[in-house]
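Let's take a walk through this structure together, one piece at a time. Have the sequence and the 3D view ready as you read.

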Amino acid sequence: PLVTIDDARRACGDGSSAGEAAAWAYFLRLATTTNNNIVEFSGSGPLAPLLGQQFTQSNDDVMVLWLSASPTTCSQRIAERGLTVPYPDFGVSIDHVVAELHGRLHREIGETQHWVGHPVRIIDAEQSADSAFSQALRALQDWPSGNGDD
């Protein structure tokens, strides 16, 4: 099953702070109550460590794929597909949120190539979606033999 924060926002969010908290609670429940999930979210923010802790406590195998793209590329893709998610209003533009998130992810993951104790495979998301998908598929096919930390 695919579990995404944006789907949780669509199900429970309304763009308010309370809606965002409800969406994250729903997301955390979905991501940690079934097995063999593909979980998609930014990997950062105040609730991300809770999800990482749940993954660690479950003793499940976890593979983290970081689709790394520049803030410019991310902003262009958001503009191309349109923002259809009840995203919370942080009082700044989505471009500012994207740039801030990009910097935070590089600080949290970039140097260690780990996310909350789990090894990270970096996928070059500057390329086409098909290319990124192929890279991700190869990483999954090589897993867990590709890295002794898994």
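Glutamate 100 is a good place to begin in this predicted model: at 34% relative accessibility, glutamate 100 counts as partly exposed. Its salt-bridge partner is arginine 104, with the closest N and O atoms 2.4 Å apart. Arginine 104 is partly exposed too, with a relative accessible area of 22%. The two residues are four apart in helix α5 (residues 94-110), which separates them by about one helical turn.

The structure holds four salt bridges, and helix α1 is the next stop. There, aspartate 7 pairs with arginine 10, the closest N and O atoms being 2.8 Å apart. These two are three residues apart, about one turn of the helix. Aspartate 7 is partly exposed at 39% relative accessibility, and arginine 10 is partly exposed at 42%.

Now look at aspartate 6, which forms a salt bridge with arginine 9 at 3.2 Å between the closest N and O atoms. Aspartate 6 is partly exposed, with a relative accessible area of 21%, whereas arginine 9, at 7%, counts as buried because the cut-off for buried is under 20%.

Finally, turn to the sheet. Three strands form an open sheet in the order β3-β5-β4, with mixed pairing. Because β3 (64-68) and β4 (114-115) each have a single partner strand, they stand at the edges, and one side of each is left without a neighbour in the sheet. Strands β3 and β5 (residues 118-124) run parallel and are joined by five bridges; in one of them, serine 68 partners aspartate 124 of β5. Helix α6 (residues 129-142) lies across β3 and β5, running at about 150° to β5.

Note on methods. Residues numbered from 1 in each chain as written. Predicted model: local features only at pLDDT ≥ 70, side-chain atom pairs only at ≥ 80, totals over all residues. Heavy atoms only, no water. Pairing = 2+ DSSP bridges. Contact = heavy atoms within 4.5 Å. Axes fitted to C-alpha atoms, helices over the stretch in contact; angles between N-to-C directions. Salt bridge = Lys/Arg side-chain N within 4 Å of Asp/Glu carboxyl O. Buried < 20%, exposed > 50% of the residue type's maximum accessible area, 1.4 Å probe, protein only.
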